[in-house]
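Let us walk through this structure step by step, beginning with the vocabulary that the reading depends on and then moving from the chain as a whole to its individual elements.

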Amino acid sequence: MTFSDIFKSSFLENVTAVSILDMVLAMALSFALGLFIFYIYKKTYAGVMYSSSFGVTLVALSMITTLVILAVTSNVVLSLGMVGALSIVRFRAAIKEPLDIAFLFWAIAVGIVLAAGMIPLAVIGSVIIGLVILVFANHKDHTNPYIVVLQCQDHASEQSAVSYLKEHTERCVTKSKTAQQGLVEVNLDVRLKDDNTDFINALSMQDGVRSAVLVSYNGEYMG
């Protein structure tokens, strides 16, 4: 062992494993594509409460993934240790919207592809994915769905009210029905012919109808 071998450090040798230019370029591109993913997420969000922290998470996730993959690709031994270290990580955050899972995988995939040096694939692929999500996530039905909640005194008044609804709406389907002594409550899914909702006023004035409520909803249900 020579004198230089004593001060030789494998840690210092890894300093130049990834060049400064590669690091700066990869991190800058991951930040730019992370912002693009954040923009698409913000434009297509259709939930109840928008979370800006989730959008920031998408940007950070793409940059963190790029950082990790750059380290892994520069050292085979480190890649094996990284697999073992990441296998003990558990995420407990609840995903409220199904589309949020796609955005998480998109951010991770962008980081992996960029760190692997496939810049055209990351950029062109992100643009295509963004356009697809914009087209399908913003696609809305031409008719707005509504729920009508009817409270009637008896079966005869219920039949009369439902027949009236079928005449004045484009579509009317019974979703649930609750019957009690002296009261029948029916929930119906309806599609309006136009934007006029005056029919609900006339419906509430019919004999035997105690109340008629029209509620708009997003229409996401099975059946």
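A residue is called buried here when its relative accessible area is under 20%, exposed when that value is over 50%, and partly exposed in between. The model is a predicted one, and every value below is computed from it. By the cut-off just given, E158 counts as buried because its relative accessible area is 6%, and E158 will return below as a partner in a salt bridge.

Taken as a whole, the chain contains nine helices and four strands, and their order along the sequence reads α-α-α-α-α-α-α-β-α-β-β-α-β. Of its 223 residues, 28% count as buried, while the surface that the chain exposes amounts to about 14800 Å², of which carbon and sulfur atoms supply 65%. Among the contacts with a sequence separation of 6 or more, 72% are between residues 24 or more positions apart.

A single position in the helical part illustrates such a pairing across the sequence. A26 lies in helix α3, which covers residues 20-44, and A26 is buried, with a relative accessible area of 7%. Leaving aside residues up to four places away in sequence, A26 touches T66, L70 and L114. A26 and L67, although 41 residues apart in sequence, have C-alpha atoms that are 8.4 Å apart in space.

Helix α3 appears again in the surroundings of helix α7, since the buried residues of α7 pack against α3 and against α6, residues 98-115. Helix α7 has 19 residues and spans 26 Å from its first C-alpha to its last, close to the 27 Å expected at 1.5 Å a residue. Its buried residues are A122, S126, G130 and I133, and because these cover an arc of only 70° around the axis, they sit on the same side of α7. The face turned away from that buried side carries the exposed residues P120, L121, I124, I128, L131, V135 and F136.

What, then, is made by V123, I124, V127, I128, L131, V132, V135 and F136? Together these residues make a nonpolar surface patch of about 750 Å². One of them, V135, lies in helix α7, residues 119-137, and V135 counts as exposed because its relative accessible area is 54%, where the cut-off is over 50%.

Helix α8, residues 155-168, offers a second case that can be read in the manner of α7. It has 14 residues and reaches 20 Å from its first C-alpha to its last, close to the 20 Å expected at 1.5 Å a residue. The buried residues of α8 are S157, E158, A161, V162, Y164 and L165; seen down the helix axis they fall within an arc of 155°, so they line one face of α8. The cover over these buried residues includes the strands β1 (145-152), β2 (171-180), β3 (183-191) and β4 (209-216), together with helix α9 (199-204). On the face of α8 turned away from the buried side are the exposed residues A156, K166 and E167.

The charged side chains remain to be considered. Side chains of opposite charge can pair when their charged atoms come close. How many salt bridges does the structure hold? There are three salt bridges in the structure, and one of them joins the side chains of E158 and K177, with N and O 3.1 Å apart. Since E158 belongs to helix α8 and K177 to strand β2, this pair ties together parts that are 19 residues apart in sequence. The burial of E158 was noted at the outset, at 6% relative accessible area, whereas K177, at 47% relative accessibility, counts as partly exposed.

Another salt bridge brings together the side chains of D189 and R171, at 3.0 Å from N to O. Here D189 lies in strand β3 and R171 in strand β2, so the pair ties together parts that are 18 residues apart in sequence. D189 is buried, with a relative accessible area of 0%, whereas R171 counts as partly exposed at 32% relative accessibility. D189 also forms a salt bridge with R191, in which the closest N and O atoms are 2.6 Å apart, and R191 counts as buried at 12% relative accessibility. Through these shared partners, R171, D189 and R191 are joined into one network of salt bridges.

Key:
Residues numbered from 1 in each chain as written. Predicted model: local features only at pLDDT ≥ 70, side-chain atom pairs only at ≥ 80, totals over all residues. Heavy atoms only, no water. Helix = DSSP H or I, 4+ residues; strand = E, 2+ residues; numbered from the N terminus. Buried < 20%, exposed > 50% of the residue type's maximum accessible area, 1.4 Å probe, protein only. Contact = heavy atoms within 4.5 Å. Areas by Shrake-Rupley, 256 points an atom, 1.4 Å probe, with all protein chains shown as cover. Patch = residues over 30% accessible without salt bridge, like charges linked within 9 Å, V, L, I, M, F, W, Y side chains within 5 Å. Salt bridge = Lys/Arg side-chain N within 4 Å of Asp/Glu carboxyl O. Expected span 1.5 Å × (residues − 1). Arc of directions from axis to C-beta.
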